[in-house]
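Let's take a friendly walk through the empty spaces and the packed interior of a protein model. Have the structure open beside you as you read.

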Amino acid sequence: MTNPAPTTTSEPRRLPIRTRKLRLPFQTPPIPRHWHGGSPVATHLFNGVNLLFPYGERFFVRSVRHYLDAVKDDPELLADIRGFFGQEGNHAREHERYFEVLESQGYEIREFLDQFERSFAFLERRFPPVMHLAATAAAEHFTAIMARYAFQDRDFLENAHPTMRDLILWHAAEEIEHKAVAFDVLQKVAPSYPLRVAGFLLASAFLMFWWFRGVRMLLRQDGLSRAAIREDAERLGRLRDELGVGERDILRDVFLQGLRSYARPGFHPWDDDDRALVEEYVAELDAALADPAPAKRADADDPAKTAA
């Protein structure tokens, strides 16, 4: 499957931001411990960032909600914010439900989650609300980059368990839909380039530290040696080459690429117009959710049957 690359545009564009309340079937069929093609590395690269989503996305909502009064004169932005709140709330719920799967597989995650949330709460107390918003806008830039790769690399995702593939694609599509909301609020209430860059540096350091720590924690619980991890990573590289999707390096392709674009003074998230990546997927998903036929509604409750 060949997916189009995002185009570059000088005009900010928007996608409709719809709230889609899905409840994924995490228990049936059972999700294996290494659900991404039997690879611990591929699985835990996702599991590690999944651990950060519920608390992080609720923080994003708080950060934007703080400035609702400041944007009340912009009805279009307010509508986008309402869609953003709905989407992020649903993402937090479904990713948190997946914690139960990890625990049923034998992973001990509660100590990690407690440390992460205490660290997050400490930073939230130390920095003012405008920095919370700046960090949120930057974090949304990172999630939009990761979302774009999820759709560009859909052939690679075919190796994933169908429920997890549905979770990734649903979340990724909505991250692209609302990728500019926090940024637009920041530009309206505090259009400061130094503030934007400071928020980026804070968000990137925090995300990188806790994501990689989560991945290491999960791999360590698998009892894998460094040699076994390296061998698995090399196997993934060969598979990606065979599929024609190329290698993805998180540091280079997420964080450094994010810095290059975000640090540009005139940057806007919709400079990269990646609507074509998600339009077909979103149309199929919305049609399935809107279909009143009982059989279709049952399938809509199981996105593995409708959105893969």
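## Spaces and packing

The lining of the second largest cavity divides into 4 nonpolar, 1 polar and 3 charged residues. Keep in mind that this is a predicted model. His-141, Ala-144, Ile-145, Arg-148, Lys-179, Phe-267, Pro-269 and Asp-272 make up that lining, and H5 contributes the largest share of it, 4 residues.

In total, the structure holds 3 cavities of 30 Å³ or more. In the largest cavity, Phe-60, Phe-120, Ala-139, Ala-203 and Phe-206 lie nearest the centre. Here too the largest share of the lining, 7 residues, comes from H5, while helix H2 (53-65), helix H4 (110-126) and H9 are among the others that each supply at least two residues.

The largest pocket can be set beside these two cavities:

| Space | Volume | Lining residues |
|---|---|---|
| Largest pocket | about 1,200 Å³ | 24 nonpolar, 4 polar, 10 charged |
| Largest cavity | about 340 Å³ | 18 nonpolar, 4 polar, 2 charged |
| Second largest cavity | about 50 Å³ | 4 nonpolar, 1 polar, 3 charged |

Of the 38 residues lining the largest pocket, Leu-45, Phe-46, Trp-211, Arg-248 and Ile-250 are the closest to its centre. H10 gives the most to this lining, with 6 residues.

Which residues have the most contacts inside the largest nonpolar core? They are Leu-51, Ile-109 and Trp-211, in a core of 86 residues. H5 provides the largest share of this core, 14 residues. Apart from it lies another core of 6 residues, including Phe-156, Leu-236, Leu-239 and Val-245. As for Leu-51, its contacts beyond four places in sequence include Phe-99, Ile-109, Phe-116 and Met-217.

Note on methods:
Residues numbered from 1 in each chain as written. Predicted model: local features only at pLDDT ≥ 70, side-chain atom pairs only at ≥ 80, totals over all residues. Heavy atoms only, no water. 1 Å grid on protein atoms, 1.4 Å probe; cavity = no way out; pocket = protein on both sides within 12 Å on 5 of 7 lines; lining within 4 Å. Points joined across faces, edges and corners; volume = space filled by probe spheres on them. Nonpolar A, V, L, I, M, F, W, Y, C, P; charged D, E, K, R; others polar. Core = buried A, V, L, I, M, F, W, Y, C linked by side-chain atoms within 4.5 Å. Buried < 20%, exposed > 50% of the residue type's maximum accessible area, 1.4 Å probe, protein only. Contact = heavy atoms within 4.5 Å.
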